[in-house]
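Biologist: Please take one part of this model and look at it closely. Keep it brisk, and walk me from that part to whatever it touches.

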Amino acid sequence: MGVRPARLEDVDAVTSTQIRAWKQGYREFLPPGPLEQMTGAAAEKMWRRQWDEAILSPPSPRHRVLVAVERVVMDTDHWSALGPGGILAPPSYERASDRVVGLASHGPAEDPDLHPATTAELLTLLVDPNHIRRGHGSRLLNATVDHLREDGYSAVVTWVFADNHPMLGFLESAGWGEDMAERVLDMGRPIRMIRLGTDIS
């Protein structure tokens, strides 16, 4: 288990992780129609293009995409192999790969009341629903803060749906708090979002 910068070959896994996390995590408080628009086939293609751009050509060096991974080891002992001269040889090797199970992205804050040189924004923090409660969210958050400190930031904010109680609880347990800013989205009915922040200096 660990966190690393996202690579181009991660785009499909990042996109599918986002879609699964949204479907599972937002279904309790977002209207079905808008949620389907955010996670349907057409939207998935759009997100894939956007993640491709974010990973391959970010807007600035201070924009990053990180992924949480689990090491997957494929036991190949039962596979047949031919040794020199075509003689059957028992293999004794394993193949390992990383499975993307979460993602985080960040960049300079864009809200007009914040200074982008000193305040960053956590744009995305998602963990695959099949891999929650394994510490991936905490590792992603800690890695994000480490990068932000290296870039000279002293504070970070993020926007969260007001009814996304698991995310609010997670961030509050990590020392984040509401800063009184809010926005309301029109998604067939008003959907409130609140801004949380924390000092990382």
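Modeller: Start with Tyr 26. Its relative accessible area is 12%. The cut-off for buried is under 20%, so Tyr 26 counts as buried. Bear in mind that this is a predicted model.

Where does Tyr 26 lie? It sits in helix α1, which covers residues 11–26. Trp 22 lies in α1 as well. The two are four residues apart, which is about one turn of the helix. Trp 22 has 11% relative accessibility, so it too counts as buried.

Now look at the rings. A pair of aromatic rings is described by the distance of the centres and the angle of the planes. The structure holds five aromatic pairs. In one of them, Trp 22 and Tyr 26 have ring centres 5.9 Å apart and planes at 25°. Stacked requires planes under 30 degrees apart, so this pair is stacked.

Tyr 26 also pairs with Phe 161. Here the centres are 5.1 Å apart and the planes stand at 75°. The cut-off for edge-to-face is over 60 degrees, so the pair of Tyr 26 and Phe 161 is edge-to-face. Tyr 26 belongs to helix α1 and Phe 161 to strand β7, so the pair ties together parts that are 135 residues apart in sequence. Both residues are buried.

Which residues make up the aromatic cluster here? Trp 22, Tyr 26, Phe 29, Trp 47 and Phe 161 form one cluster.

Step back to the nonpolar core. The largest one has 27 residues. Tyr 26, Leu 30, Trp 51 and Phe 161 have the most contacts inside it. Several elements each supply at least two residues, among them α1, α2 (32–39), α3 (41–56) and β7. Strands β2 (64–75), β5 (94–108) and β9 (190–199) do so too. Which element gives the most to this core? Helix α1 does, with six residues.

Follow Phe 161 into its strand. Strand β7 spans residues 155–161 and pairs with β6 in the parallel sense, over three bridges. Ala 120 stands opposite Val 156 of β7. The chain runs from β6 through α4 to β7, and this β-α-β crossover is right-handed. Strand β6, residues 119–127, is mostly covered: eight of its nine residues are buried.

The linking helix deserves a check. Helix α4 holds 15 residues, 136–150. At 1.5 Å a residue it should span 21 Å, and its end C-alpha atoms are 21 Å apart, so the two values agree. Several α4 residues are buried, including His 136, Gly 137, Leu 140 and Leu 141. Ala 143, Thr 144, Val 145 and Leu 148 of α4 are buried as well. Just after α4, Gly 152 takes a positive phi of about 90°.

Two rings have charged partners. The charged end of Arg 62 sits over the ring of Tyr 153, 4.0 Å from its centre. Arg 183 lies over the face of Trp 159, at 3.8 Å from the ring centre.

Finish with strand β2, one of the elements that feed the core. Arg 71 has its place in this strand. Is Arg 71 buried or exposed? It has 54% relative accessibility, so it counts as exposed. Arg 71 and Met 1 are 70 residues apart in sequence, and their C-alpha atoms are 6.1 Å apart in space.

Technical notes:
Residues are numbered from 1 along each chain as its sequence is written. This is a predicted model: local features need pLDDT of at least 70, side-chain atom pairs count only at pLDDT 80 or more; totals for chains, interfaces and linings use all residues. Side-chain values use heavy atoms; hydrogens and water are left out. The expected span of a helix is 1.5 Å times one less than its number of residues. Buried means under 20% relative accessible area, exposed over 50%, partly exposed in between (1.4 Å probe, protein chains only). Two strands pair if DSSP finds at least two bridges between them. A crossover is right-handed if, with the strands pointing away from the viewer, the path from the first strand over the helix to the second runs clockwise. Rings of Phe, Tyr and Trp (its six-membered ring) pair if their centres lie within 6.5 Å; planes under 30 degrees apart count as stacked, over 60 as edge-to-face and the rest as tilted. A charge sits over a ring if NZ of Lys or CZ of Arg is within 6 Å of the ring centre and within 35 degrees of the ring normal. A nonpolar core is a set of buried Ala, Val, Leu, Ile, Met, Phe, Trp, Tyr and Cys residues joined through side-chain atoms within 4.5 Å.
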